[in-house]
Amino acid sequence: MATAKKAPAAKKRAANPAFMKPMTPSPQLAAVIGATPMPRTEVTKKVWEYIKKHKLQDSANKRNINADAKLKEIFQKPQVTMFEMTKLISAHLS
């Protein structure tokens, strides 16, 4: 009876320090998530909380976000995809 060899334990991926660096939101973005500097990951999480709270996800296509007055200040158009959203938000971080 042969004994099975154990597979080496998978290494835990280290977080990219660039994503963890606190970023300061623009005044337009601060109106949605607050003015406190926070990492990009937290910014994205807060924006999604805002979108879900205000039911801004398009009902027909969940990948689209319908902008309300505050988000229109950031997106500069009435609707964006979730992939466009991250690019547009990053322009509002410094």
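Leaving out residues up to four places away in sequence, Asp 58 touches Asn 64, Asn 66 and Gln 79, where touching means heavy atoms within 4.5 Å. This is a predicted model, so to speak with its own filters: local features need pLDDT of at least 70, side-chain atom pairs need pLDDT 80 or more, and totals for chains, interfaces and linings use all residues. Numbering runs from 1 along each chain as its sequence is written, and side-chain values use heavy atoms, with hydrogens and water left out.

**Asp 58**
- Asp 58 sits in the loop between α3 and β1; helices (H or I, at least four residues) and strands (E, at least two) are DSSP runs numbered from the N terminus.
- Asp 58 is buried without a salt bridge, and Lys 62, the nearest side chain of opposite charge, is 8.5 Å away.
- Buried means under 20% relative accessible area and exposed over 50%, with a 1.4 Å probe and protein chains only; a salt bridge puts a Lys or Arg side-chain nitrogen within 4 Å of an Asp or Glu carboxyl oxygen.
- A polar atom of the Asp 58 side chain lies 2.9 Å from the backbone nitrogen of Asn 61.

**Helix α3**
- With 14 residues (40-53) at 1.5 Å each, α3 should span 20 Å, and its end C-alpha atoms are indeed 20 Å apart.
- Its buried residues are Val 43, Val 47, Trp 48, Tyr 50 and Ile 51.
- Those buried residues fall within an arc of 155° seen down the axis, so they line one face of α3.
- They pack against α2 (27-33), β1 (64-66), α4 (69-75) and α5 (82-90).
- Exposed Lys 52 and Lys 53 are on the face turned away from the buried side.

Notes. The expected span of a helix is 1.5 Å times one less than its number of residues. The arc is that of the directions from the helix axis to the C-beta atoms. Lys and Arg count as positive and Asp and Glu as negative; His and the chain ends are not counted. A polar contact is a pair of N or O atoms within 3.5 Å; within protein, one must be able to donate a hydrogen and the other to accept it, and residues adjacent in sequence count only if both atoms are side-chain atoms.
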